[in-house]
Amino acid sequence: MRACRNLLVWLLGLMLLASCQEDSYQFPSAVREFFVAYLAADSTVNAIETDEGLRFNVVENRTSFKGTPDSLARCIGYYEQTDGGVRLYSAKEVLSSLPGTDADFDEVINDPVEVVSIWQAPSYLNMRLGVRHGGEEHEFDFVQDSLRLTVNGNRTDIWFSLYHDAHGDTQAFTDFVYGSLPLATYLAAYPKLVVHFTVNTYDEGQKHYQFEYNR
């Protein structure tokens, strides 16, 4: 079953390399945020859209980031507003796949991580995760565990969890992985949404987070 989600699974080795390089350098007069990158026919970023819905043309692209031509990519990076748009210093694609269900996986694996931070954006649930590793590849994904419609107030509760398969890797070093759970599809269907998110952590076991979204 899990083969159908291969394109939605991320390999930690690639993400950690970019994370280490980016976290070690600070860009002057720039902000670091999640954004949606608009990719041109040559695979480079020609515009970005912030979580607040502001869209800027990229008037100077100092990144080497390339993605699928004529598509969108969820990224984190540094940019600076300038005349006519933004100067883009860095961009790194983050885990932002549409959640699968239990049926999409041979087995749902919840190896632990550290939740460094988790916060609400208008159409996403953003997170920064600490991952202990020994240099091997890890797999990540999002899982929709269940959906419940509440009779009173038309409220919809949805439970999600983090899929993490460490493949038995050692816990020698800690680096960071960024995730952004996309919720636009759910918000379009359910204007009063309560998101429950479960993560297995190294020190505290299962941790549960709850966020309310109202469209």
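This is a short exchange about how some labels on the structure above were assigned.

Colleague: What kind of model is this, and how are residues numbered?

Modeller: The model is predicted; local features need pLDDT of at least 70, side-chain atom pairs count only at pLDDT 80 or more, and totals for chains, interfaces and linings use all residues. Residues are numbered from 1 along each chain as its sequence is written, and side-chain values use heavy atoms, with hydrogens and water left out.

Colleague: How many helices and strands are there, and what makes a run count as one?

Modeller: The chain has 2 helices and 14 strands. They are DSSP runs numbered from the N terminus: H or I over at least four residues for a helix, E over at least two for a strand.

Colleague: Why are strands 8 and 9 called paired?

Modeller: Two strands pair if DSSP finds at least two bridges between them. Strand 8 and strand 9 (residues 124-133) have 7 bridges, in the antiparallel sense, so by that definition they pair. One bridge joins Ile118 to Met127 in strand 9.

Colleague: Which strands stand at the edges of that sheet, and why?

Modeller: The sheet is open, with 3 strands in the order 8-9-12 and antiparallel pairing. Strand 8 (114-121) and strand 12 (173-182) each have a single partner strand, so one side of each is left without a neighbour in the sheet.

Colleague: Why is Ser97 called buried or exposed?

Modeller: Buried means under 20% relative accessible area, exposed over 50%, and partly exposed in between (1.4 Å probe, protein chains only). Ser97 has 4%, so it is buried. Ser97 belongs to the loop between strand 7 (92-93) and strand 8. Of the 215 residues of the chain, 48% count as buried.

Colleague: What makes the pair Ser97 and Asp141 a polar contact?

Modeller: A polar contact is a pair of N or O atoms within 3.5 Å; within protein, one must be able to donate a hydrogen and the other to accept it, and residues adjacent in sequence count only if both atoms are side-chain atoms. The side chains of Ser97 and Asp141 make such a contact at 2.7 Å.

Colleague: How do you know that Asp70 and Asn154 are exposed?

Modeller: Asp70 has a relative accessible area of 60% and Asn154 has 66%, so each counts as exposed. Asp70 is in the loop between strand 4 (55-61) and strand 5 (72-82), and Asn154 is in the loop between strand 10 (139-149) and strand 11 (156-165). Asp70 is not a glycine, yet its phi is positive, about 55 degrees. Asn154, also a residue other than glycine, has a positive phi near 55 degrees.
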